[in-house]
Amino acid sequence: MQHRPIDEPVRPHPSTESDSGFATGAGVWDAGAGPDPAKVDPAVLGVLLARHGWRRRGGAAGRYARWTAPGPSGGGTSLLVPESRAFPDSDDLLGEALTALARCAAPSAREVLVALAVPSDEIRWWRDVPEGPSGAASWTAQEQLRSAARQMLLAAALAARGRAGYYGARHRRQAQTSLEGVLVGPAPGGRALTAFVPVEAGRGAVVRLHHALHAAREAVDYKRATGGMEAFDSAVEAGVSRELTDAVIALVHGSEGTRIGLEWSPGAGVPEGCAAHPEAVEFSPGDLPALREAGARYTLDEPSVAVRITGAVVRMRRSGPGGAGTVRLRVLAGAEVPYVRMVLDEEAYRIAGHAHLVGLPIRVHGQLESRGGFRRLTGADGVVPVQVDDAERDRLMKSLQENLDYFEEACGGE
């Protein structure tokens with residue numbers, strides 16, 4: 001392979017059924033509804049057809065172009081696409097072209113319709129894995145591709161929220177939410193996958209992935225050439241993290257190599273600071289030692305964070321009727337993690353228990369430790385109940401009543 005020296009949710013592609021490995025859900029584009037011909041830009045349609053392998057076969061110069069579907073699955077489908085809306089029959093031609101695309105069996109036809117209906121940047125993954133019967137990849141290989149793609153999208157969404165060598169549990173909930181509108185379409189054979197990331201909600205993550213992949217490629221090349229890890233340190237600013245290196249490792253492991261390519265939404269244009277046609281980034285099994293070392297380095301180097309957390313007590317535990325105990329909080333404010341654990345001395349433990357029983361959250365100071373994924377607070381101090389409005393207090397009390405089985409008394413055992 002030539003190198004250029006430079007956890008979670010993904011929605012299903014509209015053309016895939018429930019057995020594709022992704023659960024269907026609300027908000028998925030309905031091919032029956034389709035893009036509105038009146039809102040389709042003929043120039044954008046032409047760019048998308050070319051991108052997805054359709055062939056231009058002439059047409060009336062300056063008026064329209066004829067496009068034919070790639071491969072035998074296209075069934076000889078032919079489209080007449082106007083060059084612009086300057087002619088009276090442009091709307092009719094666009095409507096007929098979209099109808100033909102919706103009826104075409106070629107996977108590329110659905111991909112074009114998705115990109116028209118939901119203006120999206122496209123991310124493509126390819127894995128070089130052995131072929132099974134009839135050229136299909138094994139079930140395990142397909143699941144590995146899907147899982148690694150999810151990991152990579154999540155790493156990009158995390159980097160879009162802020163730079164860090166290791167995120168752990170931080171920002172994960174928000175990053176997953178930002179990916180809820182992503183559509184995915186598998187390619188035949190199970191060795192490739194395409195994600196359509198809506199520009200409005202996801203462009204920041206795609207831009208960050210673009211920079212991070214090239215920075216990771218550069219850092220790996222530097223490590224293999226010089227033995228130094230310095231390039232991985234500077235690559236954090238570009239979006240490289242433990243989460244990204246883990247995703248690349250998962251993508252490469254068990255394959256002979258992998259390639260990741262990006263294409264910008266033609267309707268939204270090229271984002272600032274990015275190449276108009278980014279080169280695909282390739283990784284091979286020989287890159288794995290450098291990526292593993294970088295991931296371990298990021299985990300060890302990420303510092304703990306001083307925080308002041310407000311949270312609701314959801315579990316308390318200690319070995320006897322007195323002394324220190326362990327408390328688990330559902331974080332309401334102060335840290336970008338859903339839950340934290342901490343050890344409190346006897347007095348602080350008593351305060352936390354009383355606050356919980358009357359439906360009040362507590363506030364506590366401490367260090368959010370990177371070890372364990374930023375899920376543990378050390379040096380906990382200054383535990384005090386926090387007053388909340390009646391509605392919030394009622395909600396907390398309801399939560400207590402619904403989870404009494406999980407709230408263990410101070411003398412509860414392990």
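Strand E8 and strand E9 (residues 281-283) pair in the antiparallel sense, with three bridges between them. Within this pairing, Thr-258 stands opposite Phe-283 in E9. The structure described here is a predicted model. Strand E8 (residues 258-263) also pairs with strand E5 (residues 120-127), again in the antiparallel sense, over six bridges. One of the bridge partners in E8 is Ile-260, which is matched with Trp-125.

A separate group of strands is described next. Three strands form an open sheet, in the order E2-E3-E4, and the pairing is antiparallel. Strand E2 (55-56) and strand E4 (78-82) stand at the edges of this sheet; each has a single partner strand, so one side of each is left without a neighbour in the sheet. Strand E3 (residues 64-68) pairs with E4 in the antiparallel sense over five bridges. Here Ala-65 stands opposite Val-81 in E4. Strands of a sheet pair through backbone hydrogen bonds, either parallel or antiparallel.

The pairs with a stated number of bridges are listed below.

| Strand pair | Sense | Bridges |
|---|---|---|
| E3 and E4 | antiparallel | five bridges |
| E5 and E8 | antiparallel | six bridges |
| E8 and E9 | antiparallel | three bridges |

Two helices lie across strands of the open sheet. Helix H1 (residues 42-51) lies across E3 and E4 and runs at about 145° to E4. Helix H2 (residues 90-103) also lies across E3 and E4, running at about 150° to E4.

Another helix, H4, covers residues 139-161. Helix H4 has 23 residues and reaches 34 Å from its first C-alpha to its last, which is close to the 33 Å expected at 1.5 Å a residue. Following H4 comes Gly-162, whose phi is positive, near 160°.

One residue of H4 can be looked at in more detail: Ala-156 has its place in this helix. Is Ala-156 buried or exposed? The relative accessibility of Ala-156 is 4%, and buried means under 20%, so Ala-156 counts as buried. Leaving aside neighbours within four places in sequence, Ala-156 is in contact with Ala-205, Arg-208 and Leu-209. A further residue to note is Ala-212, which is 56 residues from Ala-156 along the chain, while the C-alpha atoms of the two are separated by 8.1 Å.

Note on methods: Residues numbered from 1 in each chain as written. Predicted model: local features only at pLDDT ≥ 70, side-chain atom pairs only at ≥ 80, totals over all residues. Heavy atoms only, no water. Pairing = 2+ DSSP bridges. Helix = DSSP H or I, 4+ residues; strand = E, 2+ residues; numbered from the N terminus. Contact = heavy atoms within 4.5 Å. Axes fitted to C-alpha atoms, helices over the stretch in contact; angles between N-to-C directions. Expected span 1.5 Å × (residues − 1). Buried < 20%, exposed > 50% of the residue type's maximum accessible area, 1.4 Å probe, protein only.
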